[in-house]
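This report describes the fold, the nonpolar interior and a loop of one protein chain. Please consult the sequence and the model while reading.

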Amino acid sequence: MTKNSGGKHFKKRKRNNNVNREFKSKNLDPDSDEQYAKILQRLGGTRVLAIDENGNQRQLRITGKHYNKVYFNTDDIVLIIYDKSKKNSVGEIILKYTTEEIERLKTIGHLNEIIFSKPEDL
C-alpha cells in the first residue's frame, strides 16, 4: 500500500523557500537603484505604498515571483529597485526580509532605525 501524503494541496504547504536563502543586502554603489523601504499600506492587487530611506513615499509593484507566494504586511522591510531617471515615485519589490535578516542589517549598519521607526513624523 502507498502512504497517504495528505491531500491535494499537501505539496504546496510543504514547500518552504526561506530556509536556505542567501543573505542579500543593497548595493552600496552611489549609482545603484536599490534601496530599503518600509511598507505603509496595501493598495490592492499587486500594489503597496512604502516609504524609502530618503523619506519618499513610493508606490511599489509586487513582482510575479512574490505574488501569491509571499504576503506583505504593513511595517515589513523590503529591498526595492526603482528608476532614477524617471521622476515618478514607482518601483518594484525585490526581496522581503525576515526578522533575523532585519536584525543582521541593523548590526551591520545598513538599516537606520530612526527613519523607519515613525513614518508619520516625516
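## Contacts of Ile 62

In this predicted model, Ile 62 touches Arg 42, Thr 46, Val 48, Tyr 67, Phe 72 and Ile 93, with residues up to four places away in sequence left out of the list.

## Nonpolar cores

Ile 62 belongs to the largest nonpolar core, which has ten residues. Its other members are Ala 37, Ile 39, Val 48, Ala 50, Leu 60, Phe 72, Val 78, Ile 80 and Ile 93. At least two residues of this core come from each of β1 (34-44), β2 (47-52), β3 and β4.

A second core, separate from this one, comprises nine residues, among them Ile 77, Tyr 97, Ile 102 and Leu 111. In soluble globular proteins, nonpolar side chains tend to be buried together.

## The barrel

Five strands form a closed barrel in the order β1-β2-β3-β5-β4, and the pairing is mixed. On average, neighbouring strands of this sheet are turned by 55° against each other, direction ignored.

Strands β4 and β5 (residues 90-96) run antiparallel and are joined by four bridges. Val 78, a member of the largest nonpolar core, has Lys 96 in β5 as its bridge partner.

## The loop between β3 and β4

The loop between β3 (57-62) and β4 (77-81) contains Asn 68, and Asp 75 is found there as well. Both residues are other than glycine and have positive phi values: near 65° for Asn 68 and near 70° for Asp 75.

Asn 68 counts as exposed because its relative accessibility is 71%, and the cut-off for exposed is over 50%.

Conventions
Residues numbered from 1 in each chain as written. Predicted model: local features only at pLDDT ≥ 70, side-chain atom pairs only at ≥ 80, totals over all residues. Heavy atoms only, no water. Buried < 20%, exposed > 50% of the residue type's maximum accessible area, 1.4 Å probe, protein only. Pairing = 2+ DSSP bridges. Axes fitted to C-alpha atoms, helices over the stretch in contact; angles between N-to-C directions. Core = buried A, V, L, I, M, F, W, Y, C linked by side-chain atoms within 4.5 Å. Contact = heavy atoms within 4.5 Å.
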